[in-house]
Amino acid sequence: MECRQIVLKTCRCQQRKKEVLCCKEYLCDLKCSNTRDCGKHQCKRKCCDGNCPSCEQMCGKLLSCRNHKCQSRCHRGRCYPCPLTVDILCNCKFTSITVPCGKEKSIKPPRCHQKCKNPPACHHARRGSHRCHFGDCPPCMQICSKKQEKCDHTCSSICHTALKVKVKENVRRAGPWESAPVVREEIVDRPCPPCAYPMPMQCLGEHETTNMPLENAKDEFTAGIGCESCESQCLQPRPQGCSHQCLLTCHPGNCPPCKQMIRMRCHCKVVVCHVPCHVWNSISPKEQSHKQSCGGSCPKNLPCGHKCGSVCHAGECTKPEKCDQRVKVKCKCKRKKKEFVCKDVQSGKALVECDDFCESEKARKQKIEEEADIERKEKEQKKQQAELEEYERKFKGRKRKPKKQRGGVEDSGFWERYRFSMILSFLISVVIGLIIFLIQNSNST
């Protein structure tokens with residue numbers, strides 16, 4: 001039997017107490033706020049004892065394939081990969097490969113070895129053989145083979161029918177805030193180019209013969225669009241005064257102006273000038289003379305000794321009669337001096353006359369010069385006399401003083417004078433003879 005006695009009980013979460021029948025369990029209304037094992041959702045179970053049950057909600061996360069959601073219960077960590085697979089087909093659906101779901105966007109379609117079955121867009125009966133592919137077919141690379149309008153030959157160019165070209169709208173933008181012009185693609189048919197069948201043609205200078213398309217040749221005076229350039233040297237006559245050869249090969253029309261530089265010295269032979277040949281030969285002799293001038297002052301000297309002073313010029317310098325340099329001119333006594341123009345001095349117009357003071361000064365200077373001349377001559381004579389006496393003294397040698405005689409007795413003669421020397425010489429000779437005699441005796445023994 002159930003116990004019907006009322007007792008005080010504590011709920012399962014140990015949060016509240018209440019008096020209830022002994023046979024009944026007391027559960028409060030408080031919801032559990034703990035997080036379940038998924039780490040995301042709360043328990044929210046009433047009167048939870050702490051042992052929260054596992055999360056029963058579905059995960060619902062988007063899988064790595066980005067196509068499906070996770071169907072497992074809510075969990076921690078990453079979801080399992082998508083278990084589904086996808087088949088990728090080629091354009092003609094003949095070849096396929098199986099890849100995990102989500103990889104179909106990053107994996108290229110399988111390479112199909114079947115031939116493309118798209119119909120041709122140009123005038124040819126069939127396309128050039130190529131494999132199955134997605135998108136537009138490549139341009140047709142077959143020979144056009146259409147018949148030319150002006151001749152009986154066929155077009156030998158690559159197919160130019162149904163070409164895809166980009167067309168840009170030629171609309172002027174009002175400013176950078178407007179969008180860029182739209183570029184669209186159009187399919188156009190281009191006409192066949194001129195006939196390229198080779199025909200023998202000569203160059204305008206008749207130097208050589210070459211094969212060229214007949215449609216590109218004009219006439220015997222004008223070169224065509226496709227004419228090949230003749231490699232022979234141009235032999236056209238040069239303009240008067242030009243000694244250089246045309247640097248171009250065979251060409252129609254007149255030769256271009258000669259741009260080679262002519263090297264020359266200026267009139268004063270100091271600076272090297274360089275002038276283009278066509279400029280030098282197109283100007284007058286007067287302009288040539290001006291062109292050859294270096295612009296500096298002429299370094300030559302006039303006969304009067306002054307520099308020319310003119311700008312570098314051709315021919316002889318200005319005559320001395322036109323020299324404008326300032327020159328100092330003195331009178332005869334060189335006391336008075338005055339400046340004149342050089343051309344007046346050369347012509348004899350510049351003269352400085354002596355005055356009365358100059359004459360008296362001249363007489364005084366003359367008297368001083370005469371006195372100085374006499375004094376100079378006296379000094380010269382004294383100098384010569386002293387040199388003569390010195391010469392005689394050195395030539396005769398030192399004078400010996402006469403020996404004093406004792407008691408008035410005359411000199412005893414030669415023996416008395418040189419007896420000591422003679423005795424000394426005799427003794428030396430005796431000693432030398434004795435030494436020689438002793439040396440010979442020692443050798444013989």
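In the predicted model, lysine 164 and glutamate 185 are joined by a salt bridge between their side chains, with an N to O distance of 4.0 Å. Because lysine 164 belongs to strand β5 and glutamate 185 to strand β6, this pair ties together parts of the chain that are 21 residues apart in sequence. Lysine 164 also takes part in a second contact of this kind, a salt bridge with aspartate 136 in which the closest N and O atoms are 2.2 Å apart. Here aspartate 136 is located in the loop between β4 and β5 (163–168) and lysine 164 in strand β5, so the contact ties together parts that are 28 residues apart in sequence. Asp136, Lys164 and Glu185 are thereby linked in a network of salt bridges. With respect to solvent accessibility, aspartate 136 counts as exposed because its relative accessibility of 58% lies over the 50% cut-off. Lysine 164, with a relative accessible area of 44%, is partly exposed.

Across the whole structure, a search finds 7 salt bridges. One of them is formed by the side chains of arginine 45 and aspartate 49, with an N to O distance of 3.2 Å. Arginine 45 is partly exposed at 28% relative accessibility, and aspartate 49 is likewise assigned as partly exposed, with a relative accessible area of 40%.

Strand β6 (residues 183–188) also contains valine 188. The relative accessibility of valine 188 is 25%, and the residue is therefore classed as partly exposed, a category that lies between under 20% (buried) and over 50% (exposed). Valine 188 and histidine 160 are 28 residues apart along the chain, and their C-alpha atoms are separated by 8.6 Å.

A hairpin is formed by strands β3 and β4, with 6 residues between the strands. Strand β3 (residues 85–89) and strand β4 (residues 96–100) run antiparallel and are joined by 5 bridges. Within this pairing, threonine 85 has proline 100 of β4 as its bridge partner. In the same hairpin, lysine 93 adopts a positive phi near 65°.

Two surface patches were also examined. A patch of positive charge is formed on the surface where Arg263, Arg265, Lys269 and Lys300 gather. Of these residues, lysine 300 is situated in the loop between α2 (285–292) and β11 (326–330). The relative accessible area of lysine 300 is 35%, which makes this residue partly exposed. Lysine 300 thus passes the accessibility criterion for patch residues, namely over 30% relative accessible area.

The other patch is nonpolar and covers about 850 Å² of the surface; it is made by Phe414, Trp415, Tyr418, Met422, Ile423, Phe426, Leu427 and Val430. Isoleucine 423 is located in helix α5 (residues 414–444). With a relative accessible area of 43%, isoleucine 423 is partly exposed, and this value is over the 30% required of a patch residue.

Methods:
Residues are numbered from 1 along each chain as its sequence is written. This is a predicted model: local features need pLDDT of at least 70, side-chain atom pairs count only at pLDDT 80 or more; totals for chains, interfaces and linings use all residues. Side-chain values use heavy atoms; hydrogens and water are left out. Patches are made of residues with over 30% relative accessible area and no salt bridge: like charges are joined within 9 Å, nonpolar side chains (Val, Leu, Ile, Met, Phe, Trp, Tyr) within 5 Å. Accessible areas come from the Shrake-Rupley method with a 1.4 Å probe; for residues, only the protein chains shown count as cover. Lys and Arg count as positive and Asp and Glu as negative; His and the chain ends are not counted. The place of a charge is taken as NZ of Lys, CZ of Arg, CG of Asp or CD of Glu. Helices (H or I, at least four residues) and strands (E, at least two) are DSSP runs, numbered from the N terminus. Buried means under 20% relative accessible area, exposed over 50%, partly exposed in between (1.4 Å probe, protein chains only). Two strands pair if DSSP finds at least two bridges between them.
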